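Q: Before we look at anything in detail, could you take me through the features of this model one at a time, giving the general idea and then the case at hand?

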Amino acid sequence: MSYNTHLTVLQHSAAVYSSSPAFILPRLSADGENVIDAWVPISYHQFLLDVERSARHWSHALTAHGVPRRSVVGLWLGGTKYLDVLHVYGLARAGYIPQLFSLRLPSPDVVYELLHRAEAQALIFDPAYESIVIGCPVPAELAVDARSLEVDHLPLPPLWVPASGDEVVMIYHTSGSTSGSPKLVPCTASWVDATVDKARHVTRSRNPNRKDVTVWIGSMSHIGQTFMLMGFLQHGACTVQPTALPFSSDELLDMVNRCGLNRLNQFASFLGTHLRNSRTNPALLTALKQLDELLYTGLPLAVEEEAWARQQGILIKNCFGSTEVGAMMLSVGGRGTDAHLLQVIEGTAYSFVPVTPAPIADADADAPSGSESETKYADANQRLLELVILSHSGDCPHPSLRGADGHYHTGDLFLEVAPGRYVSRGRDDDWIKSSTALRCDTKAIEENVLATCADLVAACIVVGNGRPSPALFVEPKVPADSDVDAERLKKDILRRTRHFHSRRYVHERIVSPALVLVVPSGTLPRTATKGNIRRRAVEDKFREVLDRIYAS
């Protein structure tokens with residue numbers, strides 16, 4: 001059996017779409033201002049030549065260190081530039097296994113520890129970290145631009161082809177930390193082959209009359225951008241490199257007008273900024289409405305923002321995925337009433353396993369037995385399902401990440417609201433259990449706060465695992481130089497959310513100002529990649545504060 005990888009995709013596409021632009025890069029003006037003087041295309045043929053130049057260089061440099069082919073080599077890069085793509089693809093083309101680190105992981109000690117775990121034989125690092133790469137346990141090389149070096153005389157290694165599906169092609173890391181550091185996520189040949197197929201499906205053209213032009217979604221050191229690039233390359237599409245991530249709405253408009261951008265892929269928090277700006281910028285709103293697709297991922301888009309966008313005729317699509325699996329589900333899309341509902345990507349083998357519901361006998365005493373609210377809540381709990389990636393699914397992660405039953409339990413929960421159509425209900429740890437073992441949907445509380453207090457609250461998280469009732473942490477939405485009247489903010493939040501909480505069980509309600517904690521912006525712990533607030537990390541950080549509150 002043959003296996004497709006990102007390298008075979010490049011080889012094929014460079015032959016089929018040789019003269020078409022694979023990338024468009026910004027050229028900044030020479031006066032030192034961060035102004036884009038021109039957008040410069042890079043053809044598929046040139047991309048392939050640049051990757052091969054990179055491969056020649058890294059093969060020569062690593063061989064000089066005695067590092068044999070098929071060794072793991074760390075790549076500590078920003079991942080947001082064309083040059084970073086050349087390092088990632090070039091190292092693989094030279095026959096090595098890239099272990100990818102983001103600049104968001106700024107500790108060399110953690111990097112060295114992860115290199116050791118992966119049995120890496122060398123490290124290639126971004127010039128930004130030259131001053132702190134000290135005492136590296138393996139040979140360390142600066143990530144130089146091979147395009148400026150004389151490498152044509154160096155041999156190009158033969159293209160490595162996986163002999164079995166179990167061979168590792170690349171290694172990523174989870175975006176959150178466990179016991180102080182991320183977990184390794186080895187990507188096998190069978191996994192990459194299945195991911196290439198999924199990426200082709202996710203990125204297929206919405207307009208057969210044109211070649212798509214899209215934009216960088218994140219770092220090449222994480223799976224999101226790698227996944228999207230593998231997909232768009234298969235269709236001969238073009239990827240624009242912005243000057244920064246996130247990029248401004250003005251730069252987005254420039255990419256639409258001068259680069260022909262017609263598909264926007266972004267993390268939800270970044271897309272939300274453009275949507276909010278478009279409410280007061282008619283040109284931006286017109287541009288968003290003319291795009292063939294706005295795909296978001298990472299975080300849920302605020303309910304009211306997505307609803308407003310759909311009312312404007314903006315074609316929004318949600319891609320649900322993870323580092324370990326890649327993309328798993330896509331929303332239906334289009335302009336129908338089911339546009340927001342998620343469905344499994346074709347060609348996969350998943351199972352939705354029921355989660356044990358909360359006991360009905362412990363319902364809120366204020367809700368009469370058999371009442372409509374109680375029945376609806378019980379039914380919702382009975383339909384709560386965990387997404388499980390079955391062992392025979394091509395995209396089932398490496399065995400080291402699977403459960404004892406051989407399957408991969410994502411911890412992601414859903415409601416099936418129509419046959420094969422799902423609504424995300426957060427992760428398993430979004431459902432906390434009270435001190436009486438009753439379940440509480442923290443995600444629902446957070447969504448209500450963000451919907452009813454959008455002008456007051458920038459971010460929030462609900463905690464209280466093992467406590468009598470949940471507590472709400474909020475970061476207020478105020479200018480940095482403004483003072484916050486915390487007590488007034490607490491009262492405003494409770495007033496606006498009172499109706500919502502009145503319909504919930506007693507153990508789920510937040511009705512006391514003591515259980516609303518206002519903290520400065522940026523205080524709550526977040527994941528490095530997507531910026532998700534880490535519920536359990538918040539509980540750990542504020543454990544003593546919570547102990548005092550509940551004790552009183």
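Q: Is Glu306 buried or exposed?
A: Glu306 is buried, because its relative accessible area is 10%, and a residue counts as buried under 20%. This is a predicted model, with a mean pLDDT of 90 for the protein chain and 92% of its residues at 70 or more.

Q: With which residue does Glu306 form a salt bridge?
A: Side chains of opposite charge can pair when their charged atoms come close. Here Arg310 forms a salt bridge with Glu306, the closest N and O atoms being 2.6 Å apart. The two residues are separated by about one helical turn, because they lie 4 residues apart in helix 10 (residues 303-311). Arg310, with a relative accessible area of 23%, is partly exposed.

Q: Which residues are joined into one network by salt bridges that share partners?
A: Arg206, Asp212, Arg263 and Glu293 are joined in this way. Within this group, Asp212 forms a salt bridge with Arg263, and their closest N and O atoms are 2.9 Å apart. That pair links distant parts of the chain, since Asp212 sits in the loop between helix 5 (189-202) and strand 9 (213-215), whereas Arg263 belongs to strand 11 (residues 263-267), 51 residues apart. Asp212 and Arg263 are both buried.

Q: How many disulfides does a search of the whole structure find?
A: A disulfide is a covalent bond between the sulfur atoms of two cysteines. The search finds 0 disulfides. Cys440, for instance, is in no disulfide, the nearest cysteine sulfur being that of Cys460, 13 Å away. Cys440 counts as buried, at 2% relative accessibility.

Q: In what order do strands 22, 23 and 24 form an open sheet?
A: Strands of a sheet pair through backbone hydrogen bonds, either parallel or antiparallel. In this case the order is 22-23-24, and the pairing is mixed. Strand 22 (457-463) and strand 24 (516-518) are the edge strands, each pairing on one side only, and the twist averages 25° from one strand to the next. Strand 23 (residues 471-476) and strand 24 run parallel and are joined by 3 bridges, with Phe473 standing opposite Leu517 in strand 24.

Q: Which strands does helix 15 touch as it packs on the sheet?
A: Helix 15 (residues 543-551) touches strand 22, strand 23 and strand 24, and its direction makes about 125° with that of strand 23. Helix 12 (residues 442-452) lies across strand 22 and strand 23, running at about 160° to strand 22.

Q: Over which residues does pLDDT stay under 50?
A: It stays under 50 over residues 357-378, for which the model has 26 contacts beyond four places in sequence.

Terms used:
Residues numbered from 1 in each chain as written. Predicted model: local features only at pLDDT ≥ 70, side-chain atom pairs only at ≥ 80, totals over all residues. Heavy atoms only, no water. Pairing = 2+ DSSP bridges. Axes fitted to C-alpha atoms, helices over the stretch in contact; angles between N-to-C directions. Contact = heavy atoms within 4.5 Å. pLDDT = per-residue confidence, 0-100. Disulfide = S-S within 2.5 Å. Buried < 20%, exposed > 50% of the residue type's maximum accessible area, 1.4 Å probe, protein only. Salt bridge = Lys/Arg side-chain N within 4 Å of Asp/Glu carboxyl O.
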